[in-house]
There are 2 protein chains.
Amino acid sequence: MSQTKTKLLRKDAPIGVFDSGVGGLTVAREIMRQIPNEKIVYFGDTARVPYGSKSKETVTRFSEQIVRFLHTFQVKTIVVACNTASAYALDQLEHDIDIPIIGVLKPGAKAAMEATENGRIGVIATEATIGSGMYNKYIKEWNRDVTIYGKACPLFVPLIEEGLWEDPVTDEIARRYLTELIDIDIDTLILGCTHYPLIRSTLGRIAGDQVTLVNPAYETAIELREMLADMDLLNDEEPGLGSNRYQFYVSDKAEKFVRFANSIIKYGILSAKTVNIEDY
Amino acid sequence: MSQTKTKLLRKDAPIGVFDSGVGGLTVAREIMRQIPNEKIVYFGDTARVPYGSKSKETVTRFSEQIVRFLHTFQVKTIVVACNTASAYALDQLEHDIDIPIIGVLKPGAKAAMEATENGRIGVIATEATIGSGMYNKYIKEWNRDVTIYGKACPLFVPLIEEGLWEDPVTDEIARRYLTELIDIDIDTLILGCTHYPLIRSTLGRIAGDQVTLVNPAYETAIELREMLADMDLLNDEEPGLGSNRYQFYVSDKAEKFVRFANSIIKYGILSAKTVNIEDY
C-alpha cells in the first residue's frame with residue numbers, strides 16, 4: 001500500500017469487521033476492549049453462513065461483496081474476523097482494496113509460535129481453514145522446525161450456536177476431536193475458528209493443563225492496535241454519543257443476531273440492520 | 001394454472017428438483033424408484049446451505065433464483081425437495097411460475113393425518129419449518145381434531161452431514177429432541193426435513209414401536225406420479241442412453257456433493273456441475 005493512499009484515511013473513520021455470522025463478534029469484543037476509542041462497522045453474513053464447509057472461490061466471492069459494502073462507510077481498515085475467509089480470501093482482498101486489511105490467521109500463528117516450547121502446535125478449525133494449510137504456511141515461513149497438526153472440527157459451530165457451551169455432548173465431541181492432537185503431544189493449541197473461544201473452558205479442560213490455548217481474536221486486536229499506531233491512524237478521542245460508535249449489519253435474521261450478540265458483548269447492542277449483500 | 005399452459009408442456013421434459021443441499025436427494029431417490037421413466041434436473045444450493053436457520057424472505061429469494069435456473073431446462077414440473085423452502089416459499093413460487101410445482105409438506109401432512117389413530121402427530125424439522133407452522137396449517141385444514149406438536153431439531157443436519165448416522169451422540173441428541181413428543185403420547189412422527197430419513201433407524205428406535213414414522217420424501221414421489229398421470233404428463237418411454245437422464249447442479253463444491261450423493265443414490269452419479277446461482 002502506498003503512503004499517499006493511507007494519508008487520505010481519517011483517524012476518526014470506523015474500522016470494518018466482518019465474519020460469516022456471529023463468530024467474529026469475539027474479535028469485535030477484543031477490539032472494543034483493547035482499543036475502546038475506535039468505531040466499528042460489523043457485518044455478519046447470516047444469509048449464507050457457514051463459510052467453513054464451502055470452497056475458496058465461493059468464500060472469496062462472498063468476502064469481496066462484503067468488502068465492497070464496508071467500503072461504503074469509508075472505513076480506515078478492515079478486519080477479516082473469520083478464519084475461513086482469512087485463509088481463503090485475504091490475498092485476493094489485499095489485492096482488491098487500497099486500505100490496510102488484516103486477518104486473524106497471522107496474529108494467531110505468531111502467538112502460537114511464541115508460545116510453543118516443544119515445537120508441536122495443534123490447530124482446530126473448520127474444514128476449509130484446515131484444508132487451506134494457511135496456518136502451517138505462516139508458521140513455516142517464520143520457523144521451519146515447528147510442526148503443525150491440523151484437525152477440522154465441523155460440529156463445534158452448530159453445538160456452540162445451539163448454546164451447548166457446557167454440555168456432555170460437547171465434551172464427548174471435543175474428546176473425539178482433540179484425542180489425536182493430545183496423543184502426539186502438542187503443547188499449544190490454536191482456536192482457529194472465531195466461535196471456539198466461546199467453549200474455551202471445555203477445550204482447556206479436555207486438552208489439559210500442559211497445553212496453552214491461543215485465541216487469535218485476542219492477538220488480532222493487539223496487532224490491529226499496533227498497526228493503527230504505526231500508521232498514525234488510532235482515533236485520538238472517545239466517540240461521543242450519537243456518533244454510531246458500534247454499528248451492526250447482517251444479511252439475514254437481524255433479531256436473532258442481536259440476541260446472540262448481546263450474550264457475547266456486554267455493550268448493549270440495541271439493533272442490527274439487514275442488507276441484501278448480493279447487491280454489492 | 002390454466003389448461004392451455006399445461007398443454008404446452010412435453011411429456012419427455014425433465015422434472016426439476018431442488019433443495020438447499022444434499023437432503024433433497026432422498027426425494028430424488030424416491031422419484032427415481034417410483035417413476036423410473038422420468039428425467040431429473042437436480043439443483044442443490046451448497047453455497048448457501050443450510051436454509052433451516054434463515055428467514056422467509058431470504059429462503060424465498062434463494063428459491064426464486066433456483067426456479068429461474070431450473071426453468072432454463074424447460075422442466076415440466078418442479079419439486080421443492082426441501083421442507084424449509086416448501087414451508088416458506090411455495091406460495092410465492094406458485095405465483096411466480098406457470099408450470100405445476102409441488103412441495104414436500106402437503107404430501108407428508110396428508111400421510112400423517114391418515115396414519116394417526118389418537119390424533120396426536122409430532123413433527124420434527126428445522127427451526128424455520130417449525131416456526132412457519134405450515135404442517136399444522138395443512139393438517140388443520142383437513143381435520144381440526146388432530147393436534148400437531150412441532151419440535152425444531154437444529155443439530156440433526158450437522159450430525160447427519162458428519163456421517164454420525166449410527167452414533168451414541170446422535171442417540172443422545174435424538175433422545176433430548178424426542179422426549180417431549182413421546183411424553184405427550186404422539187402416535188405419528190413426520191420426518192419434516194429431507195435429511196432425517198437418513199437416520200430413520202435411530203429415530204424409530206428412540207421413538208418406539210408405537211410411533212409410525214412418516215417420510216414426506218416417499219409421499220411426495222407418490223403425489224408427483226399421480227399429478228403427472230392426471231395431467232397426462234408421465235413420460236411414456238424410458239430415456240435412452242446419452243439423454244441426460246439425471247443431471248446434477250450445485251452452487252458450490254461439486255465433488256463433495258457427488259461423494260455424498262453416491263452414498264445415498266445407487267445409480268452411479270458421475271458428476272455435478274457448479275453454477276453461480278446468484279446470477280439468476
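Let's start inside chain A of this predicted model, with strand S5, residues 120-125: six bridges tie S5 to S6(A), and the two run parallel. To pick out one rung of that ladder, look at Gly122(A), whose bridge partner in S6(A) is Tyr149(A).

Now widen the view to the sheet around that pair. S5 and S6 belong to an open sheet of four strands in chain A, ordered S6-S5-S7-S8, with parallel pairing. At the edges you'll find strand S6 (147-152) and strand S8 (212-214) of chain A; each has a single partner strand, so one side of each has no neighbour in the sheet. Going from one strand to the next, the twist averages 25°.

Two helices of chain A are worth following here. Helix H7 (residues 134-142) of chain A packs on this sheet and touches S5, S6 and strand S7 (188-192) of chain A. The direction of H7 makes about 165° with that of S6(A). Then there's helix H10 (residues 200-207) of chain A, which also packs on the sheet, this time touching S7 and S8 of chain A. For H10 the angle is about 145°, taken against the direction of S8(A).

Step back to the chain as a whole. The domain assignment splits chain A into domain 1, made of 3-103 + 219-279, and domain 2, covering 106-216. Their C-alpha centres sit 23 Å apart. Where the two domains of chain A meet, domain 1 puts in 22 residues and domain 2 puts in 21 residues. On the domain 1 side of chain A, the elements giving two or more residues to that contact are helix H2 (25-34), helix H4 (83-96) and helix H11 (216-230) of chain A. By residue type, that domain 1 side divides into nine nonpolar, nine polar and four charged.

For the second sheet, hop over to chain B. Here an open sheet of six strands runs in the order S4-S3-S1-S2-S9-S10, again with parallel pairing. Its edge strands in chain B are strand S4 (101-103) and strand S10 (273-274), each pairing on one side only. Further in, strand S1 (residues 15-19) of chain B is joined to strand S2 (residues 40-44) of chain B by five bridges, and the two run parallel. One of the pairs to look for is Ile15(B) with its bridge partner in S2(B), Ile40(B). Helix H3 (residues 56-71) of chain B packs on this sheet, touching S1, S2 and strand S3 (77-80) of chain B. The direction of H3 makes about 150° with that of S2(B).

That leaves the way the two chains come together. Between them, 15 residues of chain A are in contact with 15 residues of chain B. On the chain A side, the largest share comes from helix H9 (residues 168-183) of chain A, with three residues. The chain A side as a whole divides into six nonpolar, two polar and seven charged residues.

And how do the copies relate? A rotation of 180°, with 0.0 Å of shift along its axis, superposes chain A on chain B at an RMSD of 0.0 Å. The two copies are therefore related as by a two-fold rotation axis. If you want a landmark for that axis, try Arg48(A): in chain A its C-alpha is the nearest to the axis, 2.3 Å from it. Both copies use the same surface, too, with 100% of the contact residues of chain A recurring in chain B.

Notes: Residues are numbered from 1 along each chain as its sequence is written. Chains are lettered from A and ligands numbered from 1 in the order in which they are written. This is a predicted model: local features need pLDDT of at least 70, side-chain atom pairs count only at pLDDT 80 or more; totals for chains, interfaces and linings use all residues. Two strands pair if DSSP finds at least two bridges between them. Axes are lines fitted to C-alpha atoms, for helices over the stretch in contact, and angles run from 0 to 180 degrees between N-to-C directions. Two residues are in contact if their C-beta atoms, placed from the backbone, lie within 7 Å. Ala, Val, Leu, Ile, Met, Phe, Trp, Tyr, Cys and Pro count as nonpolar, Asp, Glu, Lys and Arg as charged, and the others, Gly among them, as polar. Copies are superposed by least squares on the C-alpha atoms of residues with pLDDT of at least 70 in both. Domain bounds come from an automatic or database domain assignment.
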